[in-house]
Amino acid sequence: MDDDADDGVRLDGVPLTVEDVVRVARGRASVTLDDAVLDRVAASRAIVDGLADDPVPHYGVSTGFGALASTSIPPERRRALQRSLIRSHAAGAGPLVEREVVRATMLLRLQTLATARTGVRPEVVRLYAGMLDADVVPAVHENGSLGCSGDLAPLAHIALVATGEGEAVAPDGTRIPGGDALAAAGLKPVELVEKEGLALINGTDGMLGQLCLAIHDLRALLDAADAAAAMSIEALLGTDRVFAADLQALRPHPGQARSATLIRTLLAGSPIVASHAGPDDPRVQDAYSLRCAPQVHGAARDTVDHAERVASIELGSAIDNPVVTLDGRLESNGNFHGAPIGYVLDFLAIAAADVASMSERRVDRMLDPARSGGLPPFLADDPGVDSGLMIAQYTAASLVSDLKRLAVPASVDSIPTSAMQEDHVSMGWSAARKLRRAVDGLRQVIAIELLTAARALDLRAPLTSSAGIARLRELLRAAVPGPGPDRFLAPEIAAVVELVGSEALAPVLMPLAASTPVPTDQEDA
């Protein structure tokens with residue numbers, strides 16, 4: 001494990017958190033197993049072993065799968081059944097998904113195995129933990145999951161490596177045989193027995209892992225969006241009066257209060273805002289993209305909170321079919337259906353698109369001399385000779401257009417499969433994949449607004465910014481230079497995207513947001 005990895009995560013029967021998932025998936029935190037968990041896993045396995053000679057058919061133990069569930073499998077063929085299941089279901093296609101997504105998926109499958117509701121042996125649980133700690137990352141393709149029965153194909157590619165087959169991906173992107181990857185890590189492949197193949201693939205772990213990563217990223221991005229809005233409001237000579245706590249408390253959504261507090265605190269003491277405040281300012285109110293930022297950003301924050309509540313329930317769930325119940329029965333169920341996760345994945349994509357859309361409108365306003373309050377056209381050094389940030393706004397507009405398409409829900413679609421046995425599917429994996437693209441697009445749009453607002457504020461000199469916004473501009477100026485003649489712009493956009501993606505803004509924003517109490521109702525205002 002990397003020397004700088006986060007503190008480890010212990011599977012001890014307590015549900016994981018979103019941040020636990022991020023630490024293991026992205027930070028390579030170690031995973032340890034509580035002895036009591038392994039004892040419960042062994043006891044659950046004994047129940048499955050006791051069904052070996054039961055004349056009553058048990059799905060996944062003595063029967064085929066899906067539409068073949070009525071096919072009885074003789075005892076001597078049941079291990080072959082599990083092996084064939086993994087091989088046949090590892091049928092993904094297209095590009096490989098990101099390492100962090102595979103690691104998150106593995107962790108969440110491991111957590112379900114550790115609930116002792118799946119009937120696997122302790123050695124299977126230990127192997128998955130060992131693969132995570134050794135950073136053995138199976139090759140998982142982007143296409144193949146319908147989100148019901150769970151993320152079958154992605155999980156099958158992971159399970160295939162656990163059996164010593166398939167392919168893994170080295171940190172440098174090299175694809176190597178799965179057995180070689182295990183051997184290099186000092187791990188032995190597992191030979192699956194009754195029920196275990198099904199237990200390794202019948203879950204919603206891929207879509208849930210991507211939901212956890214998106215929740216983490218969106219929280220940081222919404223702080224950055226508030227910061228960008230505050231900078232743009234200052235650059236456009238906007239007012240901070242509309243963000244007053246008593247006005248915001250008239251509509252006491254918690255996300256709105258959080259965003260308004262951050263924007264208000266960032267603007268506090270701004271000489272630029274003070275320069276045009278008072279009775280001589282002819283403008284009655286600012287445009288919606290300035291005035292309504294807390295309402296839009298706040299609604300997105302509340303959407304993320306709702307998504308995290310759903311994720312928390314899922315993180316405390318045991319998703320498999322069939323499951324070993326607490327009283328020792330092996331029962332079929334429908335908990336593998338991805339609808340609860342698919343819905344919030346789509347909901348977050350809608351929120352990301354709308355926040356980006358408002359951000360792009362502020363960028364456009366700063367570049368338009370008819371609406372920018374005295375700034376040069378496109379913030380160019382020599383307008384006409386120089387185009388300034390004209391095409392940066394084009395890029396933002398292109399991204400927003402893409403985000404709107406990505407906001408079209410995937411979870412309303414369904415294509416029947418398995419000879420109509422699986423006649424309604426969630427498409428949750430597809431919702432997760434497009435949300436990842438939406439989060440990336442939002443990050444780029446916010447970066448373009450930060451880049452634009454910083455240049456606009458530079459051009460407001462000798463007027464100066466508030467202390468909080470000045471600190472943000474210092475961070476940006478450490479990454480990209482200030483105004484001047486046209487230069488190669490793409491690297492500057494990329495540098496700010498990296499800055500936003502690294503969450504480097506957090507040390508500036510979090511203390512500011514915490515410095516002013518957030519009103520919770522009208523009486524608090």
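**Figure 1. Arg443 is a buried residue of the predicted model, with a relative accessible area of 14%.** The coordinates shown here and in the following figures belong to a predicted model. Because buried means under 20% relative accessible area, the value of 14% places Arg443 in that class. Arg443 belongs to helix H17, which covers residues 428-458. When residues up to four places away in sequence are not counted, Arg443 touches Asp217, Leu221, Val497, Val500 and Gly501.

**Figure 2. Helix H9 comprises residues 205-235 and is mostly covered.** Of the 31 residues of H9, 29 are buried. The end C-alpha atoms of H9 are 44 Å apart; at 1.5 Å a residue, its 31 residues should span 45 Å, so the two values agree. Leu237 follows H9 and has a positive phi, near 60°.

**Figure 3. The largest nonpolar core contains 155 residues.** Leu110, Met131, Ile201, Leu211, Met231 and Leu450 are the residues with the most contacts inside this core. Helix H9 provides the largest share of the core, 19 residues. A second core, separate from this one, has 5 residues, among them Leu51, Val61, Val324 and Leu330.

**Figure 4. The surroundings of Met231 include Leu450.** Both Met231 and Leu450 are listed among the residues with the most contacts inside the largest nonpolar core. With neighbours within four places in sequence left aside, Met231 is in contact with Leu450, Ala453, Ala454 and Leu457. Its contacts also include Ile469, Leu472, Arg473 and Leu476.

**Figure 5. The largest cavity has a volume of about 50 Å³.** Rolling a probe the size of a water molecule over the atoms shows where empty space is left. Searching the whole structure yields 3 cavities of 30 Å³ or more. The lining of the largest cavity is formed by Leu108, Gln111, Thr112, Thr204, Asp205, Leu208, Glu314, Leu315, Ser317 and Ile319.

**Figure 6. Helices H4, H9 and H14 contribute to the lining of the largest cavity.** Helix H4 (99-113), H9 and helix H14 (293-315) supply at least two lining residues each. The largest share, 3 residues, is that of H4. By residue class, the lining consists of 4 nonpolar, 4 polar and 2 charged residues.

How values were computed:
Residues are numbered from 1 along each chain as its sequence is written. This is a predicted model: local features need pLDDT of at least 70, side-chain atom pairs count only at pLDDT 80 or more; totals for chains, interfaces and linings use all residues. Side-chain values use heavy atoms; hydrogens and water are left out. A nonpolar core is a set of buried Ala, Val, Leu, Ile, Met, Phe, Trp, Tyr and Cys residues joined through side-chain atoms within 4.5 Å. Buried means under 20% relative accessible area, exposed over 50%, partly exposed in between (1.4 Å probe, protein chains only). Helices (H or I, at least four residues) and strands (E, at least two) are DSSP runs, numbered from the N terminus. Contact means heavy atoms within 4.5 Å. The expected span of a helix is 1.5 Å times one less than its number of residues. On a 1 Å grid over the protein atoms alone, a cavity is a set of points where a 1.4 Å probe fits but cannot get out, and a pocket is an open set with protein on both sides within 12 Å along at least five of seven lines; lining residues have an atom within 4 Å of a point. Grid points are joined across faces, edges and corners, and a volume is the space filled by probe spheres set on the points. Ala, Val, Leu, Ile, Met, Phe, Trp, Tyr, Cys and Pro count as nonpolar, Asp, Glu, Lys and Arg as charged, and the others, Gly among them, as polar.
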